[in-house]
Amino acid sequence: MGNEEEHQEEVKESKEDHDDDDDNSDTEDEDEEEEAEIWKKHYSSKQRILLVGEGDLSFSLCLARAFGSARNIVATSLDTQEDIARKYSNGIGNVRELEERGCLVLYKVDAKQMSQHYFLKTQRFDRIVYNLPHVGFLYRESSYCQIQLNKRLVKGFLKNAKVLLQKEGEIHVTHKEGDPYNKWDLVRKAEKIGLVLHDVVPFCKDDYPGYCNKRAHGSSSDDQFHLGDCSTYKFRFNHSP
């Protein structure tokens with residue numbers, strides 16, 4: 001009889017140990033799910049981020065490396081993958097690393113029509129980012145025609161980004177300051193479509209290690225250009241009655 005009692009006690013202890021192991025396993029699973037939030041300037045690993053008009057994808061990659069993952073990032077380019085390989089020395093390498101980190105890279109995405117994209121139209125984002133929008137140098141930078149084309153690009157982007165934005169999300173446009181860029185009427189165009197300027201902060205390239213601002217157009221597409229004074233304009237929905 002004593003042996004039977006001892007056996008039952010061993011079974012009981014074994015079950016308790018197993019339950020403890022299950023509890024520890026559950027805790028470890030919860031810890032993995034509750035990964036620490038990582039910030040890189042205005043952007044967080046917990047945010048759903050859409051990056052628009054990426055050149056060589058180096059800005060996207062900077063965020064991905066900072067976060068340790070790119071599963072929260074969708075990066076888009078107007079170029080095809082073949083264009084990126086042709087135009088940028090590091091372009092395809094950046095794409096490959098982004099994809100390995102879990103980023104979705106989309107090609108041939110027009111900022112002025114992206115809300116109709118077959119995938120993007122099903123998504124909503126916490127941050128939508130367009131750094132240094134520009135149509136390319138079709139005319140002199142300060143000419144009326146060039147300014148009008150860039151204004152049209154900015155307006156089209158803002159209208160489409162608004163459709164893809166979460167209720168409490170933000171649209172960020174990094175924009176060069178001074179003449180002729182102040183003639184693009186960025187803030188007024190945003191206000192006309194129901195967005196409000198939440199904040200303006202200086203843009204410092206050094207805050208984003210590895211980011212290369214590329215010309216993106218013509219025979220010098222892989223060259224960087226002088227940024228000068230730039231700011232990131234942050235827009236939100238206008239919830240005022």
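Modeller: Let's start with a ruler: the expected span of a helix is 1.5 Å times one less than its number of residues. This is a predicted model, where local features need pLDDT of at least 70, side-chain atom pairs count only at pLDDT 80 or more, and totals for chains, interfaces and linings use all residues. Residues are numbered from 1 along each chain as its sequence is written, and side-chain values use heavy atoms, without hydrogens and water.

Colleague: How far apart are the end C-alpha atoms of H5?

Modeller: H5 is a helix (a DSSP run of H or I, at least four residues; strands are E runs of at least two, and both are numbered from the N terminus). With 20 residues at 1.5 Å a residue, H5 should span 28 Å. The model agrees, since its end C-alpha atoms are apart by 29 Å.

Colleague: Which element gives the most to the largest nonpolar core?

Modeller: A nonpolar core is a set of buried Ala, Val, Leu, Ile, Met, Phe, Trp, Tyr and Cys residues joined through side-chain atoms within 4.5 Å; buried means under 20% relative accessible area, exposed over 50%, partly exposed in between (1.4 Å probe, protein chains only). The largest one has 30 residues. Elements giving two or more residues to this core include S3, S6 and H5. The one that gives the most, with six residues, is H5.

Colleague: Which side chain of opposite charge is nearest to Lys 234?

Modeller: Lys 234 sits in strand S9 and is buried. Lys and Arg count as positive, Asp and Glu as negative, with His and the chain ends not counted. Lys 234 has no salt bridge (a side-chain nitrogen of Lys or Arg within 4 Å of a carboxyl oxygen of Asp or Glu). At 4.2 Å away, the nearest such side chain is Asp 199.
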